[in-house]
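These exercises ask you to read empty space, packing and backbone angles from a structure. Try each task before reading its solution.

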Amino acid sequence: MNNKYTVENKDNLVVIKNAKNFVLKDIFDCGQCFRFNKREDGSYYGVAHGKYIEIFQDQNEIIIKNSSLNEFKSIWKDFFDLEFDYTDCIKQFPSDNVLNTAASFANGIRILHQEHWETLCSFIISQNNNIPRIKKIIEALCSTYGDVIFTDENEKKYYSFPSPERILEAGEKNIFNLKTGFRAKYIIDAAKKVAEGEVSFEEIETASTDEAMKMLCKICGVGPKVASCVLLFSFRKYDCFPIDVWVKKILEKYYPDFKSKEYFGKYAGIAQQYLFYYERCQNGIYLK
């Protein structure tokens with residue numbers, strides 16, 4: 001593995017050194033997650049897997065505040081996909097000038113390994129929506145039905161993502177009142193199917209990508225695009241290739257003869273993220 005990094009505890013901070021293909025801006029601004037925000041100094045803060053952290057980057061060091069080495073090993077190493085070799089992944093892409101340019105531009109992206117239910121619910125909310133509004137809805141959902149997990153020095157509270165059971169208890173009307181719109185009924189259906197085991201994350205983990213897609217698409221309002229995002233950003237099924245309006249434009253512009261994700265190989269989802277992020281940035285559209 002060409003991904004040698006080290007990690008240590010320094011002044012009550014977790015410090016990761018020499019992590020390759022790791023740029024906070026690329027990771028958090030490429031549209032794969034919605035609960036991390038950027039500060040003016042370039043650091044990010046947010047919640048994942050029920051934990052609040054602040055994370056900074058200083059040249060070859062990634063610094064995590066509000067974490068321990070044990071939490072790094074049990075949560076953040078996996079969350080940031082630190083054991084995966086992105087340099088080797090890029091080498092396996094097809095010989096393609098457009099993709100090579102995009103991969104070079106966006107090679108700081110790592111595919112986050114997010115919590116399954118949160119990712120499913122978040123991408124249901126993302127349908128026909130923009131990033132700022134998605135974030136507001138998710139924040140409202142968490143602050144209304146989640147639990148307080150951290151309070152900062154300014155008394156700002158941070159919340160866990162509510163369980164399917166809590167969502168069901170709230171009911172469709174209350175979920176609708178959080179400005180979820182037509183998505184409220186989809187969120188409730190997803191919560192019901194997950195809570196009752198009709199959709200099993202354990203089964204999805206071990207299923208083939210095609211079978212996993214079918215399982216997720218049992219949920220009302222979940223089609224191939226949402227299912228692909230969930231499988232890529234939560235289940236590490238790197239061959240998933242989410243196609244939204246932007247990706248359609250990219251394919252029409254650069255790949256007019258595109259027929260199948262198989263062109264991009266077994267890491268098609270990572271290729272998609274590079275192309276998506278690169279094209280939006282070239283058009284001056286940054287995800288915030």
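**Exercise 1. Find how much space lies in the largest cavity, and name the residues that line the largest cavity.**

Solution.
Step 1. The largest cavity holds about 60 Å³ of space. This is a predicted model, in which local features need pLDDT of at least 70, side-chain atom pairs count only at pLDDT 80 or more, and totals for chains, interfaces and linings use all residues. Residues are numbered from 1 along each chain as its sequence is written, and side-chain values use heavy atoms, with hydrogens and water left out.
Step 2. Fix the term: on a 1 Å grid over the protein atoms alone, a cavity is a set of points where a 1.4 Å probe fits but cannot get out, and lining residues have an atom within 4 Å of a point. Grid points are joined across faces, edges and corners, and the volume is the space filled by probe spheres set on the points.
Step 3. The lining consists of Cys-33, Phe-34, Arg-35, Phe-36, Val-47, Ala-48, His-49, Phe-79, Gln-114, Glu-115 and Glu-118.
Step 4. Sort the lining by class: six residues are nonpolar, two polar and three charged. Here Ala, Val, Leu, Ile, Met, Phe, Trp, Tyr, Cys and Pro count as nonpolar, Asp, Glu, Lys and Arg as charged, and the others, Gly among them, as polar.

**Exercise 2. State how many cavities of 30 Å³ or more a search of the whole structure finds, and describe the second largest cavity.**

Solution.
Step 1. The search finds three such cavities.
Step 2. The second largest has about 40 Å³ of space.
Step 3. Its lining is made of Cys-33, Phe-34, Arg-35, Gln-114, Glu-118, Thr-119, Ser-122 and Phe-123.
Step 4. By class, this lining has three nonpolar, three polar and two charged residues.

**Exercise 3. Describe the largest pocket and the second largest pocket by volume and lining.**

Solution.
Step 1. A pocket is an open set of grid points with protein on both sides within 12 Å along at least five of seven lines.
Step 2. The largest pocket has a volume of about 640 Å³. Its lining counts 28 residues, and Ser-126, Asn-129, Lys-225, Asp-244 and Phe-276 lie nearest its centre.
Step 3. At least two lining residues come from each of α6 (131-145), α11 (224-234), α12 and α13. Helices (H or I, at least four residues) and strands (E, at least two) are DSSP runs, numbered from the N terminus.
Step 4. The classes in this lining are 16 nonpolar, eight polar and four charged residues.
Step 5. The second largest pocket has a volume of about 220 Å³. Of its 13 lining residues, Arg-35, Asn-37, Tyr-45, Glu-139 and Tyr-158 are the closest to its centre.
Step 6. Here β4 (44-48), α6 and β8 (157-159) each give at least two residues to the lining, which divides into six nonpolar, two polar and five charged residues.

**Exercise 4. Decide how many of the residues of helix α5 are buried, and say what covers the buried residues.**

Solution.
Step 1. Buried means under 20% relative accessible area, exposed over 50%, and partly exposed in between (1.4 Å probe, protein chains only).
Step 2. In α5 (residues 116-125), ten of ten residues are buried.
Step 3. The cover includes α6, α7 (164-180), α8 (183-195), α9 (201-206), α10 (209-216) and α11.
Step 4. Take one of the buried residues, Trp-117. Beyond its neighbours within four places in sequence, Trp-117 is in contact (heavy atoms within 4.5 Å) with residues including Phe-161, Pro-162, Ile-187 and Phe-201.

**Exercise 5. Find which residues have the most contacts inside the largest nonpolar core.**

Solution.
Step 1. A nonpolar core is a set of buried Ala, Val, Leu, Ile, Met, Phe, Trp, Tyr and Cys residues joined through side-chain atoms within 4.5 Å.
Step 2. The largest core has 75 residues, and Trp-117, Leu-120 and Ile-270 have the most contacts inside it.
Step 3. The largest share of this core, nine residues, comes from α13.
Step 4. A second, separate core has 23 residues, including Phe-36, Tyr-44, Ile-62 and Ile-64.

**Exercise 6. Place Asn-18 and Lys-179, and classify each as buried, partly exposed or exposed.**

Solution.
Step 1. Most residues other than glycine have a negative phi.
Step 2. Asn-18 is not a glycine, yet has a positive phi of about 65°. Asn-18 sits in the loop between β2 (13-17) and α1 (24-28), and is partly exposed because its relative accessible area is 40%.
Step 3. Lys-179, also not a glycine, has a positive phi of about 70°. Lys-179 belongs to helix α7, and is exposed because its relative accessible area is 62%.
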